[in-house]
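The following note concerns the internal cavities of the structure shown below. The points are numbered for ease of reply.

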Amino acid sequence: MRMRLAVVLSFAVVLVSFYAQSAFAHGEAADEPFLKDLTVAFYDVHVTPTAVKVGEPVTITGSVKILETWPYTLDPPQTAYVTPVVPGPCFALTERIVNGESTPGSIFIDKGGIYQFKMVMLARNPGHWHVHPGIAIQGTGTLLGPGEWVTVDPSAQPFKLDVTLLNGKTVDLEHFGGSFAWWWSFAGFLIGVVWMLYWTVPKRTVTRLAVTLQLPINDSAPDVGLITPRDHMWMDLLAGVTVLMLIVGWVYMAAKYPVRLPQQTVRFAPDEISSGSGLIAVHPKGSTFDEKTDTLLINFEVKNNSASPITLKQYIMAMTTFVDGPKEEIALAGPSEFVGQLNVEPDGPIQPGESRAITLKMSNEVFLQERLIPLHDPQQLIAGLLRFQSADGKEDLVTLKSVLVPTEFKPQYLP
């Protein structure tokens with residue numbers, strides 16, 4: 001029977017491994033569509049360079065807007081933390097700037113706010129890493145922007161992260177205090193191991209569960225050898241060693257570091273960045289998605305209330321950007337995995353005072369790969385940024401929220 005069960009389980013594992021697609025990046029596709037579409041929009045994201053050696057810098061730049069369509073089911077956005085999202089400690093963050101100000105910690109944010117960021121990291125571990133910008137919003141979690149693969153090659157010199165302290169001393173954070181922290185943690189681990197082995201190997205608390213489970217609560221049962229006075233003595237000794245360890249650690253810290261500062265908190269509201277003049281009026285007219293061809297159609301009406309002709313250049317949705325332009329403009333819009341072609345019908349400048357019905361057409365596998373389309377959600381809504389550009393070079397970012405209707409359906413659970 002056991003042999004048969006083992007064979008069946010092994011066969012099931014093999015089938016799942018063949019069926020499952022390869023996993024890359026950071027699982028951003030696991031987030032629900034509404035959590036990406038209706039919350040934030042990343043644009044103009046660049047990760048450079050994409051090939052470095054250990055110890056060399058990698059810079060992430062871009063912008064993120066907190067959309068006015070923020071879901072009512074989530075806590076309102078108030079506090080956020082702009083951060084690089086990488087697979088483990090393979091980079092070391094050395095600089096972070098938001099809206100032109102150095103940002104060591106969290107910031108205060110608002111709906112409709114635009115936050116331009118620049119983050120500089122030093123490559124720490126060799127490998128091929130997927131690097132994203134992200135914004136961690138209190139009460140919601142971390143929302144990811146588009147990612148780029150960065151190759152880190154070994155260097156002749158070991159990684160160092162030198163930091164100058166307030167007393168003028170320079171320390172290497174990569175190794176500073178590392179040996180002490182390791183041995184101190186190991187000492188605490190040993191105390192835990194002794195306690196665990198004492199009660200699980202020679203004692204009947206675990207090996208004789210048939211007996212111990214029949215005893216009343218708080219019954220030491222010394223008559224059956226469950227907990228004896230000798231056990232109390234050894235546990236008192238173990239507790240004494242633990243307390244002594246804490247006292248020694250406190251005395252050592254006070255003597256070695258007599259001057260200490262409390263951990264600092266720096267939170268502020270960055271300077272506001274305008275999303276444009278607001279002279280463009282947009283009214284949604286519904287959207288459709290063809291799951292069979294991965295095609296998204298967005299219909300809306302736009303009126304140009306400005307004194308200059310305007311042209312729709314981009315549609316930005318979550319971490320993706322679709323560009324109405326040549327290959328050169330598409331290449332400049334961000335990481336290639338998250339950038340696609342935008343077809344605008346009818347195309348061309350919108351004259352001052354003109355109203356026009358426009359249809360956007362985008363065909364790209366990224367919609368389903370990143371789960372951007374809410375095909376099976378109770379509220380099938382999408383939102384994004386329309387990026388207009390006037391003849392004199394000015395830009396206007398307009399948030400568009402639209403109801404989505406699927407036109408093709410596939411089984412949700414069966415292949």
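1. What volume does the largest cavity have? In this predicted model, the volume of the largest cavity is about 70 Å³. Of the 10 residues that form its lining, L35, K36, L143, L144 and M319 are the closest to the centre.

2. Which elements each supply at least two residues of the lining of the largest cavity? They are α2 (33-37), β1 (40-48) and β10 (141-144). Sorted by class, the lining of the largest cavity comprises 7 nonpolar and 3 charged residues, with no polar ones.

3. The second largest cavity has a volume of about 40 Å³. Its lining consists of F42, Y43, D44, V45, P146, M319, T321, A333, G334, P335, F338 and V339. The largest share of this lining, 4 residues, is contributed by β1. By class, the second largest cavity is lined by 9 nonpolar, 2 polar and 1 charged residues.

4. M319 deserves a separate remark. This residue is among the closest to the centre of the largest cavity, and M319 also lines the second largest cavity. Strand β1 likewise supplies residues to the lining of the largest cavity and to that of the second largest.

5. How many cavities of 30 Å³ or more does the structure hold? The count is 4, and the two described above are the largest and the second largest.

6. As to confidence, the pLDDT averages 87 over the protein, and 89% of the residues score at least 70. Over residues 18-24, however, the pLDDT is below 50. Beyond near neighbours in sequence, this stretch has 2 contacts in the model.

Technical notes. Residues are numbered from 1 along each chain as its sequence is written. This is a predicted model: local features need pLDDT of at least 70, side-chain atom pairs count only at pLDDT 80 or more; totals for chains, interfaces and linings use all residues. Side-chain values use heavy atoms; hydrogens and water are left out. On a 1 Å grid over the protein atoms alone, a cavity is a set of points where a 1.4 Å probe fits but cannot get out, and a pocket is an open set with protein on both sides within 12 Å along at least five of seven lines; lining residues have an atom within 4 Å of a point. Grid points are joined across faces, edges and corners, and a volume is the space filled by probe spheres set on the points. Ala, Val, Leu, Ile, Met, Phe, Trp, Tyr, Cys and Pro count as nonpolar, Asp, Glu, Lys and Arg as charged, and the others, Gly among them, as polar. pLDDT is the predictor's confidence in each residue, from 0 to 100. Contact means heavy atoms within 4.5 Å.
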